Amino acid sequence: MSWHIYDRLVTFALDEPADKIQQYRLDKPQGDLAERWDISGDGRIYTFHLRRAAIFHDGSAVTAEDVRWSLQRAISLPTTRFVLNLGGLTSEDQIKVVDEATLTITLPKPNRYLLLSLSTPFAPIMNARQIKPHLTEGDPWGSEWLKGNDAGSGAYRVTTFRPDQVVLERNDKWYGSRPAMRWAVFQTVPEDTMRVALVERGLADVAIGLTPNAIEGVEHRGKAQLLLIPMPNQFEFLVMNTQSKPFEDVRVRQALAYAIPQQEIFRSVFLGRGTPLFGGSEEVHGASFPQAQSFAYDPKRARDLLTDAGYPNGLDTTLSLCTCKAEYFENLAVALKDHLARVGIRVTIDKFPGARFGELQAAKQMPLYLENQVAWLNLPDYWIRIFYRGNTRSNFSGYANPALDPLLAKADDATSEADYDAAMREMIAIVNRDVPLLMFRQAALEVVIGKDIGNYAYWFHTLPDVRSLSRN
Amino acid sequence: MFAALPTQAHARLVRHRMLFLKEIPMGLVNFLLRRLLAAIPTVGALVVATFVIMRVLPGDPAIFFASSPVPTAEETAYVRQKLGLDRSVPEQLLIYLKDIGSADLGMSFTTGRPVLTELRERLPASLELATVALILALTVSIPLGVAAAIWSGSLFDHAARIISSIGVSMPTFVTGLILTYVFFLWLGLAPEPVDRIDMFITAPPRITGFLLIDSTLSGDWAALQSAAGRLVLPSVTMAIFVLSPLTRMTRSAMLGVLSSDFVRTARAMGLSDRTVYVRYAFRNALLPVLTTMGIVFSTMLGSNVLVERVFGWPGIGSFALNALVASDYAPVQGFVLLMGLLLIGINLAIDVAYGLADPRARRAS
């Protein structure tokens, strides 16, 4: 929603449509409300020049003061603060309004996350003048008023807003190239098979949130198009709790990695869809993440490792998953249980509903569990930063390797691509060898669209973008 | 209204009726007051029990709702504080009871709106569905039950038994899915099972919240047609399920009444079949059916979650279920409170109706 009714300072370019799908280009930032920007020689000062043509839905111009207020809001609210802090923006003193259409942001040191953080829905540019009359002591940033009111400048504005249904109408005064769709209705339909049925009958154009079950037969019936969109910022993996037995021992973790026939699982459980994250070489190539791990199927080696680690007769453990992701992980869990049993790892499968799973996950009380994650800011070092260190919930395995922090610092301070890549390669080698997270694949996002729909854009947030859609 | 009175007997009858009308107000008010007073501890116990259970169940909502990419301990603590969960349970209970007093049922964190607003918007949807389903069920089950009793052992009797058994042995979501498949996907006769009205038709202005009534009152025939069309499949699904208790109760009540003394007397006195069945037997047989209707209606309101899910119906059942799975306390508590009040209200209404219909019950209370 926020994506459509608000604009941000910067965004990314979209690739040319390939097979009806357009991917966003992380390496091609382009201006959204900022027409262009200059970066000082030392990389610390960003000067944003705003588009003079941009106006808010209420007709007033987008000024630098609105941008300043919006960013200050984003830094102050606990729910949005993190992403901006990552970009180096921690205090409102760093933002200065130069004139109506120019503002600068000064960073303590160069930070490759600033532009990224400003492109996320955590930093929408809001109409400060419109919101200010509604601020209260208890709500200094207008969050209550904003829940029911649209203070944006985006390509669409809200016409109806109900929990089950949101209707957007095209904003013909938007600065950008005019979207093809005049109306966009977002309707909640509880059953995913019904969502697909609606698209096949021509009563809806896009169905999302689909499981492999729901998309079966779509291609065969030919009444709608099935898109299987590669997700470069996602991965599916097995978490091993490194803070307690038995998985605190790297040998046990590696044993598990060798015990799984990834190719077979990719074919039978994932139906060959997505991008495999296995079968890589031992030597790390390039600095991209996630990168294919190199544990070839070797049950004998798995058994040997277990014996080395002190489990000659195997071990018993629990494999957990969240019922909210059961459609994705149920089959995988069963397949894993079967294969692990062959090397003596006896697994009981445990399922928990969302809130309970979250609680156990935060307390790191599950020895083994299946998870998938989407990283919005998927620079290579982001993954290491979030998933492999720190005391937050996202460090699923509780992994703590002192070698990583200095390498991350090196990557941060790297002035050349070569230095950054070198630091990354070292980090990737460490985490792939230590395997606190055993990766399976990057999923293919299942979306069903009508036969006449084209130009489906894939963004880092994985949700549909009506602005790019076209109808033939 | 005074009509010419042909006989003395009639005169006595009218006098009795007038006395009855004068009697009702005091007796009824007393009755209602007593029942409402008795209801308060029940509702109170209900609220406290739900409150405690929700907090004892595993699942920490603060963690669930902390939504940033990297939920830190600080953010979780902030969310917990906003949810009011950082205080002790008895303290939370007192705050909640105080809030209920000022009609504040808290916020739903799954939808971000006040619980009272959600329930107020969604209750008419569930009520309308349950009411229409009940009416549908009654139009089939009462004639069927009566016919089965009068011509006992005949085709009607067997048909009644078969229909009841089939209806109650299929879970509602199976019936719902089958009907959707046949009438929507296959035959294309039914509209898509999403919501109460076509998304491109503006809903009529909200007077009662019942779309059928509101659209008739504002003369919006397109809305009426759309709302009625979408009511068909879900209400038929629910009606099929409740046919069983209603049919069987009608049949057995009717059978019981038909073999009673006063019916035998009436027949012996030579009254026509029609008079016996309609004026005497049927009206007496309705009493237990009334009670069953109350039970059935209450059950329908609470357990139509699956039907709401299959048909995308924006009612209170699916709302409460989603909240429960997400450990969102306030909606679940609000739902239980609402259901408790509704059930008490429905039973009260049934008792009053019973009292009006049966003088013996009135005297006994």
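These questions and answers concern a predicted model.

Visitor: Which domain of chain A covers residues 234–442?
Guide: The domain assignment splits chain A, giving 6–10 + 27–154 to domain 1 and 157–227 + 446–472 to domain 2. The stretch 234–442 of chain A is assigned to domain 3.

Visitor: How many residues of domain 2 of chain A are in contact with domain 1 of chain A?
Guide: The C-alpha centres of domain 1 and domain 2 of chain A are 29 Å apart. A contact requires C-beta atoms within 7 Å. On that criterion nine residues of domain 1 of chain A meet residues of domain 2 of chain A, and the number on the domain 2 side is eight.

Visitor: How many residues on the domain 1 side of that contact in chain A are charged?
Guide: The side of domain 1 of chain A that touches domain 2 of chain A has four nonpolar and three polar residues. The charged residues there number two.

Visitor: Which helix gives the largest share of the largest nonpolar core?
Guide: The largest nonpolar core has 107 residues, and those with the most contacts inside it include Leu9(A), Ala255(A) and Leu437(A). The largest share of this core is six residues, and they come from helix α16 of chain A, residues 417–434.

Visitor: Which serine does Leu437(A) touch, leaving out residues up to four places away in sequence?
Guide: Leu437(A) is among the residues with the most contacts inside the largest core. With residues up to four places away left out, Leu437(A) touches Phe237(A), Leu238(A), Val239(A), Phe387(A) and Phe396(A). The serine it touches is Ser397(A).

Visitor: How many residues are in the second, separate core?
Guide: Val132(B), Val146(B), Leu233(B) and Val307(B) are included in this core. Its residue count is 51.

Visitor: Which element gives the largest share of the side of chain B that touches chain A?
Guide: 30 residues of chain B are in contact with 29 residues of chain A. On the chain B side, 16 are nonpolar, nine polar and five charged. The elements giving two or more residues to that side are α2, α3, α12 and α13 of chain B. The largest share, three residues, comes from α2(B).

Visitor: What is the handedness of the crossing of α6(B) and α9(B)?
Guide: Helix α6 (residues 155–169) and helix α9 (residues 221–258) of chain B pack at an angle of about 145°, with axes 7 Å apart. Residues in the contact include Ala160(B) and Ile163(B) of α6(B), and Phe241(B) and Leu243(B) of α9(B). By class, the contact has six nonpolar, four polar and two charged residues. The crossing of α6(B) and α9(B) is left-handed.

Methods: Residues numbered from 1 in each chain as written. Chains lettered and ligands numbered in written order. Predicted model: local features only at pLDDT ≥ 70, side-chain atom pairs only at ≥ 80, totals over all residues. Domains from an automatic or database assignment. Contact = placed C-beta atoms within 7 Å. Nonpolar A, V, L, I, M, F, W, Y, C, P; charged D, E, K, R; others polar. Core = buried A, V, L, I, M, F, W, Y, C linked by C-beta atoms within 7 Å. Buried ≥ 20, exposed ≤ 12 C-beta atoms within 10 Å, placed from the backbone. Helix = DSSP H or I, 4+ residues; strand = E, 2+ residues; numbered from the N terminus. Axes fitted to C-alpha atoms, helices over the stretch in contact; angles between N-to-C directions. Left-handed = near helix turned anticlockwise from the far one by under 90°.
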